[in-house]
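Colleague: Got a minute to go through this model with me? I'd like to start with a backbone oddity and work outwards.

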Amino acid sequence: LKKYFPINGPFGRLSGLKGQVKAINDVSFQLFKGETYGLVGESGSGKSTTGRTVMRLTEPTDGKVIYNQQNIFDLSKRELRPVRKELQMVFQDPFSSLNPRIRIGETLEEPLSIHALANKSERRERVFDMLEKVGMQVEHYYRYPHEFSGGQRQRLGLARALISNPKVIICDEPVSALDVSIQSQVINLLQQLQEEFQLTYLFITHDISVVRHISDRIGVMYLGKIVEEAPTDNLFNTPLHPYTQALFSAIPGKHRTQHRERIILKGEIPSPINPPTGCVFHTRCPFVKDICRKEIPQRKEIGQRHYVACHLYE
Ligand code: SF4
Ligand code: MG
């Protein structure tokens, strides 16, 4: 997948910048049925844009998203509808844009009427049922968005995603705004629901301990690329890419691998408008070689299902 945003409007004019923001720059991964694939990286690495493109909330500059043997970008509006039902998204604050005067139950029912599922009383029953599944109560149906805490809002966000019986849920920083104790409750709930409804998760976060806890496999993103991908244990036991090593070494305690020193990265993440040539990480990499500035490292399988894009492994 590639997604480039043209720079125009006030930002481009004021800054005098021309060109495009390369938000996703050649990203490729598979999502297997029933798994949780974690996408981790700093803000601006392209994680959210990847999630939104997979949902076809935005059209890619190039590339495909294959779901059930179909490229979803080839589908007409009508053909897309049943697919939309199966792919749902959960955001950091699911109700930031909700009308404060509409009862939560009606909001939860909405997807059912859009997809013409069930009649009115069946719809209400379905919502009652879903409220209980996410650890809320039937009487919450009649309350308004502002009456709920952050953790409750996230439970309701999940209920809303689940109401149309999806197969895949793209979770974009679903617990990042919550206190740590509430985070673990919501993560437990996510895992419980995954089992009950046989869900597949694409889990997007900048939080390494969260992604480690929940994911079966992890893709590490940097400047619009997945620089390393591996099953969770492999990735934490043997991080191969210098960026992954730096990312993990910055966390105190249990995530730091014993044989590694803390790696301090030079400078800031470069602008995605003019990403570095060759390896996008070369401006900050402690191991940079000549070739890194010229040639884009290709993704190679090093261990079992463990992929890395770095010239050190050639
Ligand atoms: Fe560092 Fe070169 Fe590997 Fe990029 S390709 S991560 S610059 S060693
Ligand atoms: Mg984001």
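Colleague: Which loop does N165 lie in?
Modeller: Bear in mind that this is a predicted model. N165 follows one helix and precedes a strand, β7 (168-172), so to place it you name both neighbours: the loop between α6 and β7.

Colleague: And is N165 buried, partly exposed or exposed?
Modeller: Its phi is positive, about 60°, although N165 is not a glycine. Most residues other than glycine have a negative phi. As for surroundings, N165 has 14 C-beta neighbours inside 10 Å. Exposed would need 12 or fewer and buried 20 or more, so N165 counts as partly exposed.

Colleague: What about Q198, buried or exposed?
Modeller: Q198 sits in the loop between α7 and β8 (200-205), and its phi is positive too, near 50°. There are 10 C-beta neighbours inside 10 Å of Q198, so it counts as exposed.

Colleague: How do α6 and α7 pack, roughly parallel or roughly antiparallel?
Modeller: Helix α6 (residues 150-162) and helix α7 (residues 180-197) have axes 10 Å apart, at an angle of about 15°. Angles under 35 degrees count as roughly parallel, so α6 and α7 are roughly parallel.

Colleague: How many nonpolar residues are in the contact of α6 with α7?
Modeller: On the α6 side, L158 and L162 are among the residues taking part, and the α7 side includes I182, V186 and F197. The contact also has 4 polar residues and 1 charged, and the nonpolar ones number 7.

Colleague: Which residues are closest to ligand 1?
Modeller: Ligand 1 is surrounded by 14 residues. By class, that shell has 10 nonpolar, 3 polar and 1 charged. The closest are C279, H282, C285, C292 and C310.

Methods:
Residues are numbered from 1 along each chain as its sequence is written. Chains are lettered from A and ligands numbered from 1 in the order in which they are written. This is a predicted model: local features need pLDDT of at least 70, side-chain atom pairs count only at pLDDT 80 or more; totals for chains, interfaces and linings use all residues. Axes are lines fitted to C-alpha atoms, for helices over the stretch in contact, and angles run from 0 to 180 degrees between N-to-C directions. Helices (H or I, at least four residues) and strands (E, at least two) are DSSP runs, numbered from the N terminus. Angles under 35 degrees count as roughly parallel, over 145 as roughly antiparallel, 65 to 115 as roughly perpendicular and the rest as oblique. Two residues are in contact if their C-beta atoms, placed from the backbone, lie within 7 Å. Ala, Val, Leu, Ile, Met, Phe, Trp, Tyr, Cys and Pro count as nonpolar, Asp, Glu, Lys and Arg as charged, and the others, Gly among them, as polar. A residue is near a molecule or strand if its C-beta atom, placed from the backbone, lies within 6 Å of it.
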